[in-house]
Amino acid sequence: MEATKKAQSIRIDTANDILTFIQILENDLDAIASAKNICDILEDKHKIPIYGMTPANNNYWGYETHIRLPISKIDGLKPISTQPAVLEFSIKLIADSNKFNDQYCDPFIYLEFNILTIGYCSSKEMIHSLHLDRHPDNSHSNDPHPKYHFQFGGRKLEEKITEYGQGMFFDTPRMMHHPMDFILGMDFILSNYYSDIWNNLHNSNHEYNSLIGKYQDIVMKPYFNSMANHWNIRTPFEHRDWNTQDICPQVVTRP
Amino acid sequence: MSNNYIFIDDQSDISSITRRLSEFGNVNITPVPIKTFNDMITYISTNITDIDGVILDLRLDEVPIAGTQSIAQYKAPAIAQELRTLSAESDPNKRHLKDLPIVLCSTDENIKAIYKDENASHNLFDIRFLKKDTDNFELISKQLLCLIEGYKVITDNQDNMSSILSIEESYLDKNLISKFKDQNRILTHNIAQIILKDLIFSTGLLIDKNMLIAKLGIDLSVSEDADALISNVFHRAKYQGVFSNGWDRWWLPKIIEIFKQITDVSLVQVDAKIRVEKLVENTPYKKLQVAAPIENNLSNRFWTYCQGYKAETGEIRPLDPLEGFKIVKGREHLSWHEYEYISFDALRNRLGRTKGIKLHSSEEERYRLKKEAIEGVENGGN
């Protein structure tokens, strides 16, 4: 099966942007070079992503990657004697080319986004895990899940931690957060964990800013459009392009 | 300070060239007829105190050596390599020659026939110029002079980059610094090559006037104040290091700094419309207009210009690199370099094709898909 022409167009543009982005960051973080596998995936029009039990659909496109970045300093790290070592970022996303780059619709149909940080304290491996997930459509959970939410902990934490000390770890709260693709994800990681690099890029690299702006328009704007429009439009939730209650289960109908 | 070049050529008619180059008072050029290789090296060694630079014709094997029936069995790169190796000689018992500028001068046809595609010889020469380029001989003579002066400064300053480039190291890319400092021995011609090829003749840390215009987002054809703006507002960013008298360049990090100082806005964060607005607001130069995107392009986040238009018509048409297509570059791309781009419009109209502008092979598919999409719309297709 071959991607549709429209999907091919999106794929190759995205691959080009991501390659440019990686080349900008490579100078400061050479470990990011392994993310070039994203371009290989996107450029192969026969690689149609699938998820769950849904049948292959050649309108769908996506990518996944896993990078390991060295990290030596984290703000407010406790226990104090912990030496940070690696920040692992993995992302898998799938989008529908018919809905992508529409300023009102959810840009993705699947997102898995993990930040796992590893450090060492008295030769013990210390773990911190954070992930941004997209709650599947038509899912039947009792708890309200914002469509895109950040969650601390999760499976990776459970797999690696054996002693919890005095810390408590649970699945809630699920904090709503706008979706992020690879580019926005790296920008998020840089601003939080490598702020010197982030500041330098923001102040001196034109293409970095152009790329962030472009993907904020595509990936962030629909999310915030839906939130903002909640106070502007009065169509019932289920008739809006992107149901604001999906994004933020807390919102209630306004008079 | 003497500024003497010798010009080695097998042809006998070069005295008109050497005379014309010498008449501007910058350098003095003496023609030297072809000899056997051994005699040539001996001649240069013997006269080295009076020689500050060497110009070589590319082909030296067409006219017989004076007094003989035989032609020389070598061409310019062979002499250039021997001279470079002699300048590197560190055994005190062996012959050593001072490091000096080596320049290639030839015709278009010869350069295409034996030099252009032969990569091994490209690092031997500092600059090259064409015999027929007489209109530019005054500029070339100035460049020849500044090569001699630059070589002296480099030799005196060794790995002191900030003296050689006349800028604080904090502005420089770490890989560039490594190139200077991580060498076992500092050889002047190596440093000269880095500065000429990887800084002056590339876009990145140093940019030329056209690139500066494009980054400011200005339409040069309708902005009368553009030159005055650059001379007066951005003069602090002008490159003053070695070879700067021969080539006008500006430090991009300093341009960004100055722009922020006078407008309080970051050049790399805003689009061209805002850049030009802010320049008009904050400087006495009001006759500045923002450039329009090239046909079929939408963005005015210009950061480069279309090499197709430049090669074909000489026009500088600013371009957003995200909308552009990479072209093949002659030189190796290093971490502080920017790529060169061609616009979709120029590609479609084959601009620059005959002038050597070639689409990078990795971009062919992307161009093809965009062309299909646009032509689909134009033909009223689905």
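**Exercise 1. Identify the residue of E3(A) that is the bridge partner of Gln83(A), and describe the pairing of the strands around E2(A).**

Step 1. Gln83(A) has Tyr120(A) in E3(A) as its bridge partner. Helices (H or I, at least four residues) and strands (E, at least two) are DSSP runs, numbered from the N terminus. The structure is a predicted model, in which local features need pLDDT of at least 70, side-chain atom pairs count only at pLDDT 80 or more, and totals for chains, interfaces and linings use all residues; side-chain values use heavy atoms, with hydrogens and water left out. Residues are numbered from 1 along each chain as its sequence is written, while chains are lettered from A and ligands numbered from 1 in the order in which they are written.

Step 2. Strand E2 (residues 83-96) and strand E3 (residues 110-121) of chain A are joined by 11 bridges in the antiparallel sense. Two strands pair if DSSP finds at least two bridges between them.

Step 3. Val86(A) is matched with Ile118(A) in E3(A). Pro70(A) stands opposite Val86(A) in E2(A), and E1(A) pairs with E2(A) in the antiparallel sense over 11 bridges.

Step 4. In E2(A), 11 of the 14 residues are buried, and the strand is mostly covered. Buried means under 20% relative accessible area, exposed over 50%, and partly exposed in between (1.4 Å probe, protein chains only).

**Exercise 2. Give the strand order of the sheet in chain A and state which strands stand at its edges.**

Step 1. The open sheet of chain A has 6 strands in the order E1-E2-E3-E4-E5-E6, with antiparallel pairing.

Step 2. Strand E1 (60-70) and strand E6 (175-176) of chain A each have a single partner strand, so one side of each is left without a neighbour in the sheet.

Step 3. H4(A) lies across E1, E2, E3, strand E4 (124-134) and strand E5 (148-152) of chain A, and runs at about 155 degrees to E2(A). Contact means heavy atoms within 4.5 Å. Axes are lines fitted to C-alpha atoms, for helices over the stretch in contact, and angles run from 0 to 180 degrees between N-to-C directions.

**Exercise 3. Describe how H4(A) packs against H1(A) and against H5(A).**

Step 1. The axes of helix H1 (residues 5-26) and helix H4 (residues 182-193) of chain A come within 10 Å and cross at roughly 20 degrees. H1(A) is therefore roughly parallel to H4(A). Angles under 35 degrees count as roughly parallel, over 145 as roughly antiparallel, 65 to 115 as roughly perpendicular and the rest as oblique.

Step 2. From H1(A), Asp17(A), Ile18(A), Phe21(A), Ile22(A) and Leu25(A) meet Phe182(A), Ile183(A), Met186(A) and Leu190(A) of H4(A). The residues of this contact comprise 8 nonpolar, no polar and 1 charged. Here Ala, Val, Leu, Ile, Met, Phe, Trp, Tyr, Cys and Pro count as nonpolar, Asp, Glu, Lys and Arg as charged, and the others, Gly among them, as polar.

Step 3. For H4(A) and helix H5 (residues 195-204) of chain A, the axes come within 6 Å and cross at roughly 120 degrees. These two helices are therefore oblique to each other.

Step 4. H4(A) contributes Asp187(A), Leu190(A), Ser191(A) and Tyr193(A) to the contact, and H5(A) contributes Ser195(A), Ile197(A), Trp198(A), Leu201(A) and His202(A). The residues divide into 5 nonpolar, 3 polar and 1 charged.

**Exercise 4. Summarise the fold of chain A as a whole and compare its radius of gyration with that of a compact globule.**

Step 1. Chain A has 7 helices and 6 strands, which follow the pattern α-α-β-β-β-β-β-α-β-α-α-α-α along the sequence.

Step 2. A compact globule of 255 residues would have a radius of gyration near 18 Å, and the 19 Å of chain A agrees. The radius is taken over C-alpha atoms, and the globule rule is 2.2 Å times the number of residues to the power 0.38.

Step 3. The C-alpha trace of chain A spans about 55 × 40 × 40 Å along its principal axes, and buried residues make up 50% of the 255 residues.

**Exercise 5. Describe the sheet of chain B and the setting of Asn28(B).**

Step 1. In chain B, 5 strands form an open sheet in the order E2-E1-E3-E4-E5, with parallel pairing. Strand E2 (28-33) and strand E5 (127-130) of chain B stand at the edges, each with a single partner strand.

Step 2. Asn28(B) lies in strand E2 of chain B and is partly exposed, with a relative accessible area of 42%.

Step 3. Asn28(B) and Asn4(B) are 24 residues apart in sequence and 4.8 Å apart in space, C-alpha to C-alpha.
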